[in-house]
Amino acid sequence: LHLYRILVWEHYNVQHRASQLLLEAITKERKGEITDETIQGVLKKILAMLLQMDAAEHHHIYERDFGDMFLGSTQEFYQMESSAYLAVNSASDYVQKAKKRLEEERVRGVALALSPNTVEELQKILYAELIQRHAKTLVSMENSGFAVLLKDETKVDIMGDMYDLFVKVPASVEDLRVALCDRVKSDGKDL
């Protein structure tokens, strides 16, 4: 593995290009442009090779050549996608999309056999970008936020979905609590 790493993987025409192709394939898969399981199998084998080189030589090859770039591109992807999606959809539609994306990334992590450290960091990024970053907006959206849903008894399921999402980032639940308190105070004054 040592010779392979030095002569093949770290060759200036291989390492950077292979890393870029890995990231591009994952981005295309996220966008739905690639659905071929063969490609996912190839990605898994390349990542397994990086993990094997990492384990054999302790050079942090996996993190250096894939993990760190993967996490950075994931953060950028979900920053842009979540903001764009929330700008044109309701809070309940966003919550469903976020839940779907969390599950897709969980499945992708298993399918690609990502390192446990990468999976842990990936989850932190997803929670930050999909939940924490938009929590206040999801609560206060003019026609579909949590505060508005509290006024409609038929929307209990949607509020439950929002709570289930927010509970993954405990600090975000505070935004729901504040909206609920405001609603109770408002109703109390009306009595």
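**Figure 1. Surroundings of E129 in helix α6 of the predicted model.** Leaving aside neighbours within four places in sequence, E129 is in contact with Q75, Y78, Q79, S82, Y94 and H134. The relative accessible area of E129 is 5%. Because buried means under 20% relative accessible area, E129 counts as buried. One of its contacts, Y94, is itself buried at a relative accessible area of 1%.

**Figure 2. T74 in helix α4.** The relative accessibility of T74 is 0%, so this residue counts as buried. Residues up to four places away in sequence not counted, T74 touches R30, L122, I125 and L126. E29 is 45 residues from T74 in sequence, and the two C-alpha atoms are 12 Å apart in space.

**Figure 3. The aromatic residues of helix α4 around F66 and F70.** Both F66 and F70 belong to helix α4, which covers residues 61-88. They are four residues apart, about one turn of the helix. Their ring centres lie 5.1 Å apart and their planes meet at 20°. Planes under 30 degrees apart count as stacked, so the pair F66 and F70 is stacked. F66 is buried at 0% relative accessibility, and F70 is buried at 1%. Together with Y62, F66 and F70 form one aromatic cluster.

**Figure 4. The pair Y85 and Y94.** These two tyrosines form a tilted aromatic pair, with 6.5 Å from centre to centre and 45° between the planes. Y85 is partly exposed, with a relative accessible area of 24%, whereas Y94 is buried, with a value of 1%. Y94 is among the buried residues of α5 and is also a contact of E129.

**Figure 5. F66 in the largest nonpolar core.** This core has 45 residues, and F66 and F166 touch the most other members. The largest share of the core comes from α4, with eight residues. With neighbours within four places in sequence left aside, F66 is in contact with L22, L23, I26, L47, L50, I61 and L114. In soluble globular proteins, nonpolar side chains tend to be buried together.

**Figure 6. The charged end of R30 over the ring of F77.** The charged end of R30 sits 5.7 Å from the centre of the F77 ring. R30 also appears among the residues touched by T74 and among those touched by R108.

**Figure 7. R108 in helix α5.** Helix α5 covers residues 91-111 and includes R108. R108 has a relative accessible area of 6% and is buried. Not counting residues up to four places away in sequence, R108 touches I26, E29 and R30. I26 is also a contact of F66.

**Figure 8. Helix α5 and its packing partners.** The 21 residues of α5 reach 30 Å from the first C-alpha to the last, close to the 30 Å expected at 1.5 Å a residue. Buried in α5 are A91, S92, Y94, V95, A98, R101, L102, E105, R108 and G109. The buried residues of this helix pack against α2 (15-30), α4, α6, α7 and α9. Just after α5, A113 takes a positive phi of about 55°.

**Figure 9. The two faces of helix α10.** Helix α10 covers residues 170-190; at 1.5 Å a residue, its 21 residues should span 30 Å, and its end C-alpha atoms are 31 Å apart, which agrees. S172, D175, L176 and A179 are buried in α10. These buried residues cover an arc of only 95° around the axis, which puts them on the same side of α10. The face turned away from the buried side carries the exposed residues P170, A171, V184, K185 and K189. The buried residues of α10 pack against α6 (116-131), α7 (135-140), α8 (146-149) and α9 (156-166).

How values were computed: Residues numbered from 1 in each chain as written. Predicted model: local features only at pLDDT ≥ 70, side-chain atom pairs only at ≥ 80, totals over all residues. Heavy atoms only, no water. Buried < 20%, exposed > 50% of the residue type's maximum accessible area, 1.4 Å probe, protein only. Contact = heavy atoms within 4.5 Å. Expected span 1.5 Å × (residues − 1). Arc of directions from axis to C-beta. Phe/Tyr/Trp six-rings, centres within 6.5 Å; stacked < 30°, edge-to-face > 60°. Lys NZ or Arg CZ within 6 Å of the ring centre and 35° of its normal. Core = buried A, V, L, I, M, F, W, Y, C linked by side-chain atoms within 4.5 Å.
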